[in-house]
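Here are my notes on the model you sent, as numbered points. Please read them with the structure open.

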Amino acid sequence: MLRTTTTALAAGLIAVATGAWADPSENDLVINGDLEITTHAEAPAYIEGLSEIYSGWRFREVDTQATQMDDFDNPAFLAVDAAQEAWDTVDGDAGKSCASCHGDAMESMAGVRATYPKWNADAEEVRTLAMQINACRTDNMEAAEYGYTSNDMTGMEALISVASRGMPVNVAIDGPVQSTWEQGKEMYYTRYGQLELSCANCHEDNYGNYIRADHLSQGQINGFPVYRLKNTKLNQVQDRFKGCIRDTRAETFKPGSPEFVALELYVASRGNGLDVEAPSVRN
């Protein structure tokens, strides 16, 4: 009885979504008047359910779009400024800062965000950017790890992302990462929770539709970390994964878990061809 009821409820939610449709915006994302961002591209050949991919920016209202187009207006840059200070500050027993090894973040980190998650040969594992930041802190700086979705971590990810804005996402899916990518793909199409919804049900089957006032996007993550107007803070991508699975009324995975690392790898690869635009602004 419970299964019948919850499945019907899930179907009802999708029905609500399909009650209204709006095409992605045709506006162009140009940051600070000169940095053009690719927000629409042909879908990668390995994405079976889409022919085109769109940044989540294309699904936002004009005023929200405009907030991201000027760094002075973008509230995420408060966290970026704080992260820049942390970058230059010595922390840990080794007496080093991030800058001690990497110098100017805008130069040394250019292109880094566009390739993560990626394989780390020394550790023999797929690493997210957050994992690599913590590895640098513990191994090189002899400093304490940041909490995986903490303000410190999310701000540092945002700072590193700024250095790659306007560069195409180019996440590898083959070689040593392939098995992890396949795991993430399986998760993306797996129905979770009492509502029996998968990532694909919303972000592939029903993007462009509305659930209540929410204009469903394709769930692309080229804009993460994201400043959400809903909770007035900068949000880390795996924190968003956690929230999505929780919304299906399921027990969720922990940020930094192997499951979410695999899911991040797969979802990031779905955006290959879009440009990095983080830190972005969303509802």
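**Notes on the predicted model**

1. The UniProt record, an unreviewed entry, places the feature "binding site" at Arg240. The model discussed here is predicted, and the annotation comes from that record. In the model, Arg240 lies in helix H10, which spans residues 237–247.

2. Is Arg240 buried or exposed? Neither label applies: Arg240 has a relative accessible area of 24% and is therefore partly exposed, since buried would require a value under 20% and exposed a value over 50%. Leaving aside residues up to four places away in sequence, Arg240 touches Phe224 and Arg228.

3. The largest pocket holds about 1400 Å³ of space. Its lining consists of 49 residues, and those nearest the pocket centre are His203, Asp214, Arg240, Cys244 and Asp247. The annotated residue, Arg240, is thus one of the residues nearest the centre of the largest pocket.

4. Which element gives the most to the lining of the largest pocket? H10 does, with ten residues. Other elements that give two or more residues include helix H1 (2–17), helix H9 (199–203), helix H11 (258–269) and the strands E8 (214–215), E9 (226–228), E10 (233–235) and E11 (280–282).

5. On aromatic contacts, the count is ten aromatic pairs. One of them joins Tyr46 and Trp181 edge-to-face, with 5.6 Å centre to centre and 90° between the planes. This pair links distant parts of the chain, 135 residues apart: Tyr46 is in the loop between strand E3 (40–42) and strand E4 (52–54), and Trp181 is in helix H8 (residues 178–188).

6. The two partners fall into separate accessibility classes. Tyr46 is partly exposed because its relative accessibility is 23%, whereas Trp181, at 5%, is buried. Both belong to one aromatic cluster with Tyr188, Tyr189 and Tyr266.

7. A charge over a ring is also present: Arg137 lies over the face of Tyr146, at 4.0 Å from the ring centre.

8. Val171 is in the loop between helix H7 (151–162) and H8. Its relative accessibility is 3%, so Val171 counts as buried. What does Val171 touch, not counting residues up to four places away in sequence? The contacts are Ala114, Thr115, Tyr116, Pro117, Leu265, Ala268, Ser269 and Asn272. Val171 and Ala268 are 97 residues apart along the chain, and their C-alpha atoms are separated by 6.8 Å.

Conventions. Residues are numbered from 1 along each chain as its sequence is written. This is a predicted model: local features need pLDDT of at least 70, side-chain atom pairs count only at pLDDT 80 or more; totals for chains, interfaces and linings use all residues. Side-chain values use heavy atoms; hydrogens and water are left out. UniProt positions are given in the numbering used here, feature names are shortened, and annotations may be inferred rather than shown by experiment. Helices (H or I, at least four residues) and strands (E, at least two) are DSSP runs, numbered from the N terminus. Buried means under 20% relative accessible area, exposed over 50%, partly exposed in between (1.4 Å probe, protein chains only). Contact means heavy atoms within 4.5 Å. Rings of Phe, Tyr and Trp (its six-membered ring) pair if their centres lie within 6.5 Å; planes under 30 degrees apart count as stacked, over 60 as edge-to-face and the rest as tilted. A charge sits over a ring if NZ of Lys or CZ of Arg is within 6 Å of the ring centre and within 35 degrees of the ring normal. On a 1 Å grid over the protein atoms alone, a cavity is a set of points where a 1.4 Å probe fits but cannot get out, and a pocket is an open set with protein on both sides within 12 Å along at least five of seven lines; lining residues have an atom within 4 Å of a point. Grid points are joined across faces, edges and corners, and a volume is the space filled by probe spheres set on the points.
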